[in-house]
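Biologist: Hi! Could you show me the model and talk me through the words you use for it?

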Amino acid sequence: MPILSWSDEDEVIARANNTRMGLGASVWSNDTVEARRIAEQIEAGSVWVNSHMEVNPKFPFGGHKDSGIGYENGLGGVKAYCNVQTLYLKK
């Protein structure tokens, strides 16, 4: 796992986002307010704060950028396995 030390918040966010991949990332900090602010700016499908790869089937899991389009798990992931039918009934 790459670890980036930093002193400027904008710089570390730019460095983390400077990739064509975007499946998952994690932010580690004793300051959860700061970690959340940073995590919300990371271009990845899943971002964990003070943990990594704790996937829950209730929540969507997928990537951004070249890490994929779409997602699995969560309500939308389940719907991907359903057949949708639209019925137009004129009276």
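Modeller: Sure, let's start with the largest nonpolar core, which has nine residues in all: Val 12, Ile 13, Ala 25, Val 27, Ala 35, Ile 38, Ala 39, Ile 42 and Ala 44. Helix 1 (9–17), strand 1 (24–27) and helix 2 (32–39) each chip in at least two of them, and helix 2 gives the most, with three. Helices (H or I, at least four residues) and strands (E, at least two) are DSSP runs, numbered from the N terminus. This is a predicted model: local features need pLDDT of at least 70, side-chain atom pairs count only at pLDDT 80 or more, and totals for chains, interfaces and linings use all residues. Residues are numbered from 1 along each chain as its sequence is written, and side-chain values use heavy atoms, leaving out hydrogens and water.

Biologist: What makes a set of residues a nonpolar core?

Modeller: They're buried Ala, Val, Leu, Ile, Met, Phe, Trp, Tyr and Cys residues, joined through side-chain atoms within 4.5 Å.

Biologist: Why is Ser 46 called buried?

Modeller: Buried means under 20% relative accessible area, exposed over 50%, and partly exposed in between (1.4 Å probe, protein chains only). Ser 46 has 10% relative accessibility, so it counts as buried. Ser 46 sits in strand 2 (residues 46–49).

Biologist: And Asp 10, buried or exposed?

Modeller: Asp 10, in helix 1, has a relative accessible area of 58%, so it's exposed.

Biologist: Which residues is Ala 39 in contact with, leaving aside its neighbours within four places in sequence?

Modeller: Val 27, Val 47 and Val 49, where contact means heavy atoms within 4.5 Å.
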